[in-house]
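Notebook open, a few residues to look up. I'll jot down where each one sits and what touches it.

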Amino acid sequence: MKKNKRKRFSRFTSLIARCLLVWAALWIGGIVIFAFLPVPFSAVMAERQTGAWLQGKTDYVAHSDWTSMDKISPWMALAVIAAEDQKFPEHWGFDVGAIQQVLDNNSGERMRGASTLSQQTAKNLFLWDGRSWLRKGLEAGMTVGIETVWTKRRILTVYLNIAEFGPGIFGAEAAAQRYFHKPASRLTIAEAALLAAVLPNPIRFRADAPSGYVRQRQQWIMRQMRQLGGEGFLNRYQLH
């Protein structure tokens, strides 16, 4: 009897190990492939679309139009850096100082403030939404992977193509077309800052009906963009 239990347990652990190896292979393959090829969809997009179908929202379509960096306004690239991760060109995927502040304050609400663009890209592309230590651990591993294989410019390009800017609206091109009826290449500094202002919660905050808070955040982002040095900041780090 005990031998049968040990055999079943051994088979179960073997199955789990194989599943983990398959997932790891898929993730590693994705990191290598998407270092060069356009990203057709992200894990968060798939999660949102599946959730909409399960809720019977047949009109919901998670939409993104892949756009190369040279066809996205430099203001958009600078806006997300100013808003989300001003140390992006210099860190290796993690903002250690910001993480330490979160740990010292013991506040889950500030966790996004410690999440770099690299971490957000890894999470959005390969993992599910939500907060858990398991997901954060996997996110850390993915972040190391993309920081090792991808350039900073590639990370920023992928982020700008899969970031969520509203219900069903993913990527700078889709957001520019939806909210301003123009391509992402023609976004102004104010428009780019407005889109970046909704990133902390694109379901709650709206670019097409911005609240007073969103407008204040937009103005703050614009000031940060100028303080960083404008387009010269992107050129210095070869990000655009």
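I started with Thr143: buried or exposed? Thr143 comes out buried at 0% relative accessibility, where buried is under 20% relative accessible area, exposed is over 50% and partly exposed is in between, with a 1.4 Å probe and protein chains only. I placed Thr143 in helix H6, residues 133-149; helices here are DSSP runs of H or I with at least four residues, numbered from the N terminus. Not counting residues up to four places away in sequence, I found Thr143 touching Gly93, Phe94, Ser118, Gln119 and Ala122 (contact is heavy atoms within 4.5 Å).

A note to self on the source: this is a predicted model, with local features needing pLDDT of at least 70 and side-chain atom pairs counting only at pLDDT 80 or more, while totals for chains, interfaces and linings use all residues. Residues are numbered from 1 along each chain as its sequence is written, and side-chain values use heavy atoms, with hydrogens and water left out.

Next I checked Ser42. Ser42 sits in the loop between helix H1 (2-33) and helix H2 (43-54), and I have it down as buried, with a relative accessible area of 0%. With neighbours within four places in sequence set aside, Ser42 contacts Asn124, Leu125 and Ile162.

Last came Arg153, which lies in helix H7 (residues 152-162). I get a relative accessible area of 32% for Arg153, so I logged this residue as partly exposed. Which residues does Arg153 contact, leaving aside neighbours within four places in sequence? I listed Met69, Asp70, Gln238, Leu239 and His240. I also took the C-alpha to C-alpha distance from Arg153 to Pro89: 9.0 Å in space, with their positions 64 residues apart in sequence.

Note on methods: Helix = DSSP H or I, 4+ residues; strand = E, 2+ residues; numbered from the N terminus.
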